[in-house]
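Please open the structure in a viewer and keep a selection tool at hand. The tour below proceeds stop by stop, stating what to select and what is found there.

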Amino acid sequence: MLRTNTCGELDKKDINNKIELAGWMHSRRDHGGLIFIDLRDRYGLTQIVFDPKHNKKVHSVAEHLRREDIVHINGKVRARGKGLENPKLKTGKIEVLVDSVEVIAKAATPPIEVDDRIEAGEEIRLKYRYLDLRRPIMQNRLLTRHKIAQSTREYFDKHNFLEIETPLLVKSTPEGARDYIVPSRVNLGKFYALPQSPQLYKQLLMISGCDRYYQIARCLRDEDLRIDRQPEHTQIDFEMSFVDSNDIREFIENLYKHLFKEVLNIKLDKFPILSYKESMDRFGTDKPDLRFGLELIDVTDIVKKSDFEVFQKVEQVKCINPKKDFTRKELDEYIGFCQKNEAKGMAWMRVTDEGLESNIVKFFNPSLQKKLLEKTKAKKGSVLMFIADKQKNVADVLSRLRLKLRDDLKLVKEKDFKFCWVVDFPLFAYNEDEDRWEPEHHMFSMPKPEFVKDFEKKPKEVIGDLWDIVLNGTELGSGSIRVTNPNVQERIMKLIGLNKQEAEKKFGFLLHAYTYGAPPHGGMGLGFDRLVALMCGLQDIREIIAFPKNKAAQCPMDGSPSDVPEDHLKELHIKSEDIKGK
């Protein structure tokens with residue numbers, strides 16, 4: 001070993017000990033002939049001292065050390081001088097007087113600063129990711145990710161789950177996002193897909209008798225990117241037999257309580273359960289952030305009785321009531337925000353000592369104004385913000401406006417974590433562009449028992465035995481009780497437009513497996529990257545992934561995706577068109 005200690009552990013108990021350290025030169029200071037260097041590894045910083053009076057030869061080596069050079073030193077731990085201690089560091093009460101030094105590697109001048117206080121632009125950080133990851137903040141994020149993964153495995157192991165790896169080369173059955181496809185050299189003209197999730201295989205494992213399965217799985221989807229989405233991501237994937245939905249939700253609620261206690265030492269409250277309808281009515285979204293109020297208030301029945309023509313002609317009018325007396329300029333900015341999010345506009349009313357005030361109040365008689373104040377419970381110094389449109393648009397715009405007000409008014413506390421369950425989703429959603437019904441989540445979810453008999457007759461009304469888990473307004477995962485009856489599965493496939501031949505071609509292996517007896521089972525896929533990001537106080541999952549892609553699904557560091565040699569393509573009988581410049 002080249003070190004007896006790390007750079008983050010020495011303290012006063014080690015004074016007078018002879019030690020060895022190895023690490024990167026983080027910073028350097030010269031004072032009256034003495035050279036002070038902060039030596040860094042992933043555990044922390046230790047101040048090392050080169051004194052020409054102690055060892056002139058070693059001091060001369062130190063004169064040529066630069067940022068990010070890697071050194072190995074031998075020395076003696078001593079107390080720092082009076083008034084020179086650094087309370088921000090665990091090692092801040094000591095320093096190491098260097099007896100010998102070995103330069104392991106010299107470093108070129110880094111193109112980015114390895115310093116948490118100076119953050120480079122996104123592209124250059126990704127291009128030199130191996131340098132960016134040297135920053136202490138990035139090291140701590142990777143450590144947190146590791147701890148969450150380890151604690152997850154401990155929890156599943158404690159509950160008798162088997163960690164089973166499912167294939168990465170699978171049959172292409174694209175539903176929703178596009179598959180990444182891989183040509184087969186030994187089966188010319190045939191292609192594998194990379195898995196969007198282990199969904200079908202974990203259901204087959206339940207049929208196989210492996211009644212409790214999990215894995216921390218890599219999943220790949222060829223879809224447009226955003227801050228909480230990457231072409232490849234990690235999820236906590238699991239499936240359980242002989243359970244109902246309540247069993248699964250209780251199990252996962254306890255998983256999250258375990259993770260937050262073990263990793264962050266935070267005790268979580270019981271997770272509230274909201275129906276899909278309640279969530280949409282109160283928050284305008286099925287991913288509600290429960291850390292603050294500003295719930296949506298339906299005032300349609302009241303305002304339609306006014307003389308304000310805009311409100312009379314629409315399907316629904318809802319409002320929210322932020323507790324701030326905004327200026328006219330601020331209100332105009334919120335109107336612009338709503339219009340950018342597909343609203344026709346945003347009406348508003350101030351609440352004052354004299355009652356409601358705005359350019360539309362004249363269309364509301366005193367009785368209607370009183371009813372509005374009673375329904376909204378609006379107080380003096382606040383504002384009512386109205387959106388009027390079709391029900392779907394009202395929900396979408398107000399949910400976005402609610403989140404903007406959350407950020408603008410700083411309505412949430414740091415390190416406040418609020419989970420909730422959203423249950424009773426519709427099993428089917430109507431795709432107006434394609435004029436067909438499609439699964440709300442996926443086609444392997446079971447309808448609630450009361451809908452099984454004739455769900456084809458009323459697809460809009462069918463409630464599925466499926467649910468989402470949400471944290472601070474971010475969906476962490478979805479789950480359901482699975483279809484285990486091949487007849488019911490074929491009926492669902494037919495309803496969403498898969499005829500028997502197509503269903504057999506894509507999913508025949510699963511349908512055939514059902515005929516040999518499938519236990520009742522269900523499970524979830526839980527977003528691991530999103531969870532880690534939120535536990536680190538972040539939204540961008542790229543900050544907690546070692547080597548993420550940029551917004552164009554490219555890696556500036558290794559140049560992927562890239563061209564491949566022509567002979568490789570020829571071997572696969574694939575021809576690539578020249579599309580450069582198109």
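The stops that follow pass through sheets, helices, cores and single residues of a predicted model.

**Stop 1: the sheet of eight strands**

Begin by selecting strands S6, S9, S10, S22, S21, S20, S17 and S11, which in that order make up an open sheet of 8 strands with mixed pairing. Strand S6 (162-163) and strand S11 (273-275) are at the edges; each has a single partner strand, so one side of each is left without a neighbour in the sheet.

Next, select S11 together with strand S17 (residues 419-423): the two run parallel and are joined by 3 bridges. Within this pair, Ile 273 is placed opposite Trp 421 of S17.

**Stop 2: strand S17**

Keep S17 selected and add S20, with which S17 pairs in the antiparallel sense over 5 bridges. Val 423 has Trp 467 of S20 as its bridge partner.

How many of the residues of S17 are buried? The count is 5 of its 5 residues, and the strand is mostly covered. In a regular strand, side chains alternate between the two faces of the sheet. Colour Phe 419, Trp 421 and Val 423 as one group and Cys 420 and Val 422 as another: the groups lie on the two sides of S17, and all of these residues are buried, so that both faces are covered.

**Stop 3: helices across the sheet**

Select helix H4 (residues 136-158), which lies across S6, strand S9 (212-220) and strand S10 (232-241). The direction of H4 is at about 150 degrees to S9.

Then select helix H15 (residues 528-535). H15 lies across S10, strand S20 (466-471), strand S21 (474-481) and strand S22 (521-527), and runs at about 140 degrees to S21.

**Stop 4: the largest nonpolar core**

Show the side chains of Phe 238, Ile 252, Tyr 256, Phe 419, Ile 469, Met 524 and Leu 526. These residues have the most contacts inside the largest nonpolar core, which has 73 residues. Helix H6 (residues 245-264) gives the most to this core, contributing 8 residues.

Centre the view on Ile 469. Which residues does Ile 469 contact, leaving aside its neighbours within four places in sequence? Among them are Tyr 256, Phe 271, Phe 419, Cys 420, Trp 421, Met 524 and Leu 526. The contacts of Ile 469 also include Thr 474, Glu 475, Leu 476 and Gly 477.

Another core, of 22 residues, lies apart from the one just visited; to find it, select Ile 297, Ile 302, Leu 368 and Ala 388, which are among its members.

**Stop 5: the sheet of five strands**

Select S12, S13, S16, S14 and S15, which in that order form an open sheet of 5 strands with antiparallel pairing. At the edges are strand S12 (297-298) and strand S15 (355-357), each with a single partner strand, so one side of each has no neighbour in the sheet.

Strand S13 (residues 316-320) and strand S16 (residues 383-389) run antiparallel and are joined by 5 bridges. Here Lys 318 has Ile 387 in S16 as its bridge partner. Helix H10 (residues 328-340) packs on this sheet, where it touches strand S14 (347-352) and S16, and its direction makes about 150 degrees with that of S14.

**Stop 6: Gln 215**

Return to strand S9 and select Gln 215, which lies in that strand. Is Gln 215 buried or exposed? With a relative accessibility of 8%, Gln 215 counts as buried because the cut-off for burial is under 20%. The side chain of Gln 215 is joined to that of Thr 166 by a polar contact of 2.6 Å. Leaving aside neighbours within four places in sequence, Gln 215 also has contacts including Glu 163, Pro 198, Gln 235 and Asp 237.

**Stop 7: Ala 107**

Now select Ala 107, in the loop between strand S5 (94-105) and helix H2 (122-127). Ala 107 has 28% relative accessibility and counts as partly exposed. Beyond its neighbours within four places in sequence, Ala 107 is in contact with Arg 67, Glu 68 and Asp 69. To finish this stop, draw a distance from the C-alpha atom of Ala 107 to that of Lys 340: the two are separated by 49 Å and lie 233 residues apart along the chain.

**Stop 8: the cysteines**

Finally, select the cysteines; the structure holds 0 disulfides. Cys 210 is in no disulfide, and the nearest cysteine sulfur, belonging to Cys 219, is 19 Å away. Cys 7 is buried, with a relative accessible area of 0%.

Terms used
Residues numbered from 1 in each chain as written. Predicted model: local features only at pLDDT ≥ 70, side-chain atom pairs only at ≥ 80, totals over all residues. Heavy atoms only, no water. Pairing = 2+ DSSP bridges. Helix = DSSP H or I, 4+ residues; strand = E, 2+ residues; numbered from the N terminus. Contact = heavy atoms within 4.5 Å. Axes fitted to C-alpha atoms, helices over the stretch in contact; angles between N-to-C directions. Core = buried A, V, L, I, M, F, W, Y, C linked by side-chain atoms within 4.5 Å. Buried < 20%, exposed > 50% of the residue type's maximum accessible area, 1.4 Å probe, protein only. Disulfide = S-S within 2.5 Å. Polar contact = N/O pair within 3.5 Å; in protein donor to acceptor, adjacent residues only side chain to side chain.
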